[in-house]
Amino acid sequence: GFGMTNESVSIQNPVQSNNVGWVSENTFNAPMKAKVESPSNMVTLDKVMRSFPRAITNPELVSRVSTALQKYGYGESTLLATSLCCDEVNRELDLNLSKIYGDQFSMGGLAGFAFGGVTSFGAMAHHIPTGGDCLVVYGPHVGVDADGNVGKINRRGRKASGACCGSGVAAAGYVDAVRKGKQDPSAPATNPLDAQQNFVGNLLLPHGHRLEEAEDPMVELPLAMFDAQNDLMHQIVAAGCGEVGGDGKIALLGGVQINTPEGTSDFFLPMVFEIRDNKGQLIQNLL
């Protein structure tokens with residue numbers, strides 16, 4: 001194995017910092033630099049800004065994250081790990097980040113949950129360049145299509161827009177059916193055939209009331225999914241942080257990816273940005 005210890009490691013809850021650094025009111029309220037090539041893109045951009053007002057474009061995100069992390073020694077000796085949904089529309093963020101930090105280690109599965117678990121984190125930790133650190137980027141995603149529909153995306157070569165995130169939308173349907181008594185909760189999967197979707201639905205289930213009470217459930221869905229994924233990621237870090245060697249640090253960047261039609265930059269809504277040591281203790285909250 002990876003030499004995992006059985007010792008319990010506690011993760012401190014992030015404490016709000018006065019160091020607003022890379023994210024400030026000015027940052028979030030600044031005009032977006034998205035390339036606009038058709039009137040339909042304005043509909044998308046307007047919906048993104050109204051639904052997720054703190055979101056920033058991928059290029060802005062990468063620039064601000066890399067600048068903030070430079071102060072902590074992040075650069076050539078950094079290993080990037082991502083836990084993002086399998087959906088091909090999410091590779092844009094992988095590629096944007098890889099231009100700075102090189103090829104990424106992938107921990108994610110359906111909907112962005114870190115299904116690689118502690119084993120994948122331990123493997124990733126053993127791949128960090130000697131004396132280096134890791135950056136773990138994670139979270140769910142949601143589409144906003146050319147007509148301004150949240151929860152849909154225009155895909156290459158397809159006439160009509162379709163569900164985005166499909167796994168998340170399916171999980172929301174399952175949660176709704178369970179809460180209305182139309183379906184019994186599914187037992188934990190014992191067969192790998194569709195195990196990931198089984199877990200996505202059951203991990204969303206405790207947040208079902210949020211979807212029922214939301215003005216727009218498709219806007220609330222990725223926010224609820226993020227909270228479920230954030231809990232899982234912090235459990236993984238607590239269990240696996242000791243595998244990071246030397247004085248290596250663990251930067252966590254969590255949030256919601258917002259996918260848009262071709263010709264418009266994708267966006268990212270930052271929810272967590274923090275640095276921890278390899279004992280799991282919080283060094284700095286950068287959000």
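In this predicted model, G102 adopts a positive phi of about 85 degrees. This glycine sits just after helix α4. The helix itself spans residues 91–101. Its buried positions are L93, D94, N96, L97, S98 and Y101. These buried residues pack against one helix segment, α3 (58–70). They also pack against strands β2 (78–83), β4 (133–138), β8 (250–259) and β9 (267–276).

The chain as a whole contains nine helices and ten strands. Of its 287 residues, 52% are buried. Contacts were also sorted by sequence separation. Among those with a separation of 6 or more, 71% join residues 24 or more positions apart.

A second helix contact involves α7 and α9. Helix α7 covers residues 195–204, and helix α9 covers residues 217–240. Their axes lie 9 Å apart and make an angle of about 100 degrees. Angles of 65 to 115 degrees count as roughly perpendicular, and α7 and α9 are therefore roughly perpendicular to each other. From α7, the contact draws on V200, L203 and L204. From α9, it draws on L221, A224, M225 and A228. By class, this contact has seven nonpolar residues, with no polar and no charged ones.

The interior was then searched for enclosed space. Rolling a probe the size of a water molecule over the atoms shows where empty space is left. Across the whole structure, one cavity of 30 Å³ or more was found. The largest cavity holds about 60 Å³ of space. Its lining includes P140, H141, V142 and G151. C164, C165 and G168 also line the largest cavity, as do M218, L221, P222 and M225. Two elements, β5 (141–143) and α9, each give two or more residues to this lining. Helix α9 gives the most, with four residues. By class, the lining comprises eight nonpolar and three polar residues, and no charged ones.

Helix α9 thus appears in both settings. L221 and M225 in α9 meet α7, and L221 and M225 also line the largest cavity. A224 and A228 are likewise among the α9 residues that meet α7. Neither the contact of α7 with α9 nor the lining of the largest cavity has a charged residue.

Key
Residues numbered from 1 in each chain as written. Predicted model: local features only at pLDDT ≥ 70, side-chain atom pairs only at ≥ 80, totals over all residues. Heavy atoms only, no water. Axes fitted to C-alpha atoms, helices over the stretch in contact; angles between N-to-C directions. Parallel < 35°, antiparallel > 145°, perpendicular 65-115°, else oblique. Contact = heavy atoms within 4.5 Å. Nonpolar A, V, L, I, M, F, W, Y, C, P; charged D, E, K, R; others polar. 1 Å grid on protein atoms, 1.4 Å probe; cavity = no way out; pocket = protein on both sides within 12 Å on 5 of 7 lines; lining within 4 Å. Points joined across faces, edges and corners; volume = space filled by probe spheres on them. Buried < 20%, exposed > 50% of the residue type's maximum accessible area, 1.4 Å probe, protein only.
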